[in-house]
Amino acid sequence: MQTKPEKRQRLALDGVLLLDKPVGLSSNDALIKAKRLLNAKKAGHTGTLDPFATGLLPLCFGEATKFSQDLLEADKTYETVVHLGVRTATGDTEGEVLERCAVNVTREQIEAVLAQFRGEIDQVPPMYSALKRDGKPLYEYARQGITLERAARRVTIHVLELLAFDAPFLTLRVTCSKGTYIRVLGEDIGAALGCGAHLQALRRTQVGSLTLAGCVTLEQLSAIEEAQRVAMLAPVDALLSSFPAISLPEVLAQRFLHGQRLALGKEDIALPDYQGRVRVYALDGGRLLGTALLQEYSVLAPERLVAVG
């Protein structure tokens, strides 16, 4: 009688993988491939990149998944090539061409239009998006030829820089708030210039304080041994580097891990002159305990805790 091969034991990994996502894969497909290569038990990503986009996709493993929301809320930076004069159904290269127009614009006209999109703007989410209506993503309606009304959303464009103009292509760098659709931004810029546009290419270069430095591709991961792949993981607190740090002595650390609010005295530990989210460590050994809100009167309120291994 033939016996079934023994099921491979998944590893309980904690950490962050900075993946350079390739073109053609959805964020979830990229996550599944990376999770399989690392043989990890638990993983999640920190916000989607369109299949046609490339670049930084932080993947969270184990305890790091508790802090992925912080990156979902973070500002993002992209470099994109906008193809003027051609509108597509999806606002990128994957949709059918809807219209072609002549492109007769100057660099000065482009700079004037870009100025209109800096700061707070209203954006209407595209039909080809994962936003849900009645439990179904908008792109499913779009594929059936159905267009639904969508409410405009307020987003912030912190940086909108013209890197190059070689007609009909604009190369832009964009730093923006969460929820910004770069495809829509490209289309709106094209509309303001009177010629229409779609995105020819899109690459994410930064999420919060994380950058492409130290990124790894799926090909690079697959070419090395499993132990080396695990060594590519950044620590869990790589997601939290923008928050001030507080270190607690053992007694307070144990109370914190039990979810207790702590009234801290500056005579006991070093406290930043700050109110807001902090990362919390054990003074003995420097182990990450979780995140907390440092409130008025130096009250430390636990927020997300790291499980004791």
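Where does UniProt place the feature "domain: Pseudouridine synthase II N-terminal"? In the model above, which is predicted, that feature, taken from an unreviewed UniProt entry, covers residues 35-182. If you follow this span through the structure, you will find that 18% of it is helix and 39% is strand, while the C-alpha atoms at its two ends lie 28 Å apart.

A helix to look at next is H5, made of residues 182-192, in which Arg183 is found. Is Arg183 buried or exposed? Its relative accessible area is 6%, and because buried means under 20%, Arg183 counts as buried. The side chain of Arg183 is joined to the side chain of Asp50 by a polar contact of 3.0 Å. Once the neighbours within four places in sequence are left aside, the residues in contact with Arg183 include Asp50 and Phe52, the run Thr90, Gly91 and Asp92, and also Pro126, Tyr128, Ser129 and Leu199.

The cysteines raise a separate topic. A disulfide is a covalent bond between the sulfur atoms of two cysteines. How many disulfides does the structure hold? The number is 0, and two of the cysteines can be followed one by one. For Cys60, the closest cysteine sulfur belongs to Cys215 and is 13 Å away, so the two are too far apart for a bond; Cys60 is also buried, with a relative accessible area of 0%. Cys101 likewise is in no disulfide, since the nearest cysteine sulfur, that of Cys195, is 7.0 Å away, whereas a pair must lie within 2.5 Å to count as a disulfide. With a relative accessibility of 30%, Cys101 counts as partly exposed.

Finally, turn to an open sheet of 5 strands, which follow one another in the order E14-E16-E17-E18-E15 with mixed pairing. Why is one side of E14 and of E15 left without a neighbour in the sheet? Strand E14 (245-248) and strand E15 (262-263) stand at the edges, and each has a single partner strand, so on one side of each there is no neighbour in the sheet. E15 is joined by 2 bridges to strand E18, residues 299-305, and these two strands run antiparallel; Ala263, for example, has Val299 in E18 as its bridge partner. Across this group of strands lies helix H8, residues 250-257, which crosses E14, E15, E16 (276-282), E17 (288-295) and E18, and which runs at about 85 degrees to E17.

Note on methods. Residues numbered from 1 in each chain as written. Predicted model: local features only at pLDDT ≥ 70, side-chain atom pairs only at ≥ 80, totals over all residues. Heavy atoms only, no water. Helix = DSSP H or I, 4+ residues; strand = E, 2+ residues; numbered from the N terminus. Buried < 20%, exposed > 50% of the residue type's maximum accessible area, 1.4 Å probe, protein only. Polar contact = N/O pair within 3.5 Å; in protein donor to acceptor, adjacent residues only side chain to side chain. Contact = heavy atoms within 4.5 Å. Pairing = 2+ DSSP bridges. Axes fitted to C-alpha atoms, helices over the stretch in contact; angles between N-to-C directions. UniProt positions renumbered as here; feature names shortened; annotations may be inferred.
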